[in-house]
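Visitor: Please give me a close look at one pocket in this protein. After that, take me through the cores, the domains and a few single residues.

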Amino acid sequence: MAHESRMLIDGKLVDSETGRTFDNINPATEEVLGSTADGTRADMERAVAAARHAFDNTDWSRNGELRATGLRQLQAALEAEREEVRAELIAEAGCPLLSTYGPQLDVPLKEALTWPADMIGQFPWKRSLPDKDAFGIGAPARREVWKEPVGVVGVITPWNFPVEIILNKIGPILAMGNTMVLKPAPDTPWNATRIGRIIAEQTDIPPGVINIVTSSDHLVGEVLSTSPLVDMVAFTGSTATGRRIMTAAAQTIKPTFLELGGKSVYLILEDDGDISAAVGGSAFISMHAGQGCAMPTRLLVPHSRYAEAVEIVKVAMERNRYGDPTDPSVLQGPQVSRRQQERVLGYIQKGKDEGARLVTGGGIPKDTPRGFFVEPTIFADVDNSMTIAQEEIFGPVLSVIGFADDDEAVRIANDSIYGLSGVLFANDLERAKAVAGRIRTGTLGINGGLWYGADAPFGGYKQSGVGRQCGLEGLEIFTETKTVGWPAP
């Protein structure tokens, strides 16, 4: 597979200062795909300095036309290499081919860069306030509020939906006039290095505006949190890592945008209708091996329909095909690494130890001797206080929890440190909306409605994060606010 192994620093494609590389592993086969530059702290510091210079000493932050052109050039070049990106994603992330025609690639590629580019000319960069004599001295002032770029943004991205997340960082950050340094996850580096090559060779984005540093050492990314040359950190990943980033960033009082973990609910409200389709849809959490922060991993059903729901979802989950992610009929590929596989299996054991009833799955598939696979798994008789109902597993594991009425359903849904997403079904739409308004979560799909889009804010309540990705809120978060006044005529 042709790939880009070099980093992008100050407009140049470069190796690590040490010349070292690290292996990129195919999680479905455990084979080495190839190597990637293993960047150091010194490499990261050079990238930060380049981003600082590009922001402070060029007109990038003031040249909206150049920014829009650069984003559209990147979009066109990625579209030209779409099938190469698709194959690369499947190989290094282990995501099923099926998912690349949706959230892994095609859906974000359609608008993650173009919507922010279009918004450069539509964003409310200035707004007027009424003239005011603030101190009553007969000197009224004309007043305006200006939105300006925040500066240099340090970006750290995960491995589960790498292209989707990276594009939804690049688009808003660059559109708002910032420069950036990106550290992608070492499990999936090539999608990022490909973007770096395209930027260097096929766009007019100036040197230093975007820098991409790959490294097997997670601590290299700490430079972005601690460096006084970085004005903001944008991170997507686990809540535990988000806490560390926020703590490190506090040393220089820099703002953080954190898109973190989730333990979302799939809630079926009680009614007399057929719940087969609604309940069966919850089995979709095994897509991409459950490696999605917004996936609803707690299935909440009324006690009166509990046994029926468990049987429905068991049948649905056992029909989900897992295995070779290049097979178009496969829904579930491998966990991204041996470490992640062992982590998921550890949570399954905790579920058993704490008294949950294993309905199906629970181990390594016997028909996948190679690769980091875990069987699609369901637990019933789960109490919401159990570890598997409280902690983010990031695997194909669904917990089924019963409730008595709407009030208890809301209480269980909110009984979590997280508040990222969720799904809700009910025959009565107004009842569904009323319950949705009581659930403390950043996004929620009702009766199969999808909220996703470049124009739709995504993020969470509580320990699911700080700030929003995409939408107007996702543009504003990468700006500073300046209020100015001058004598009124």
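Guide: The pocket comes first, then the cores, the domains and the residues.

This is a predicted model: local features need pLDDT of at least 70, and side-chain atom pairs count only at pLDDT 80 or more, while totals for chains, interfaces and linings use all residues. Numbering starts from 1 along each chain as its sequence is written, and side-chain values use heavy atoms, with hydrogens and water left out.

Start with the second largest pocket. A pocket here is an open set of points on a 1 Å grid over the protein atoms alone, where a 1.4 Å probe fits and protein lies on both sides within 12 Å along at least five of seven lines. The second largest pocket has a volume of about 170 Å³. That volume is the space filled by probe spheres set on the points, with grid points joined across faces, edges and corners.

Which residues line the second largest pocket? They are S61, R62, G64, R67, I120, W125, K126, K147, E148 and P149. Two elements give two or more residues to this lining: α2 (64-80) and β6 (141-149). Of the elements, β6 gives the most, with three residues. Helices (H or I, at least four residues) and strands (E, at least two) are DSSP runs, numbered from the N terminus. Lining residues have an atom within 4 Å of a point. By class, the lining holds five charged, three nonpolar and two polar residues. Ala, Val, Leu, Ile, Met, Phe, Trp, Tyr, Cys and Pro count as nonpolar; Asp, Glu, Lys and Arg count as charged; the others, Gly among them, count as polar.

Now the cores. A nonpolar core is a set of buried Ala, Val, Leu, Ile, Met, Phe, Trp, Tyr and Cys residues joined through side-chain atoms within 4.5 Å. Buried means under 20% relative accessible area, exposed means over 50%, and partly exposed is in between (1.4 Å probe, protein chains only). The largest nonpolar core has 52 residues, and L78, I170, L174 and I195 touch the most other members. Helix α7 (residues 162-175) supplies the largest share of this core, seven residues. Another core, of 29 residues, lies apart from it and includes V344, F403, V410 and L424.

Look at L78 itself. Residues up to four places away in sequence aside, L78 touches V85, L109, L113, L167, I195 and I198. Contact means heavy atoms within 4.5 Å.

Next, the domains. The protein chain is divided into domain 1 (7-260 + 464-487) and domain 2 (265-446). Such bounds come from an automatic or database domain assignment. The centres of domain 1 and domain 2, taken over C-alpha atoms, are separated by 32 Å. At their contact, 25 residues of domain 1 meet 28 residues of domain 2.

Two loop residues have positive phi. I253, a residue other than glycine, has phi near 50°. I253 sits in the loop between α10 (239-249) and β11 (256-259). I253 counts as exposed because its relative accessibility is 72%. N447, also not glycine, has phi near 55°. N447 is placed in the loop between β19 (445-446) and β20 (461-462). At 34% relative accessibility, N447 is therefore partly exposed.

Strand β11 holds T256. T256 counts as buried because its relative accessibility is 13%. Neighbours within four places in sequence aside, T256 is in contact with V233, I245, M246, A249 and V466.

A51 lies in helix α1 (residues 41-57). With 0% relative accessibility, A51 is therefore buried. Not counting residues up to four places away in sequence, A51 touches V152, T179, M180, V181, G208 and N211. The C-alpha atoms of A51 and E259 are 23 Å apart, with their positions 208 residues apart along the chain.

A200 belongs to helix α8 (residues 190-202). At 32% relative accessibility, A200 counts as partly exposed. A200 and K12 are 188 residues apart in sequence, yet 6.7 Å apart in space, C-alpha to C-alpha. With residues up to four places away in sequence left out, A200 touches L8, G11 and L13.

Last is S35, in strand β4 (residues 32-37). S35 is partly exposed, with a relative accessible area of 26%. Residues up to four places away in sequence aside, S35 touches H3, S5, T21, F22 and W190.
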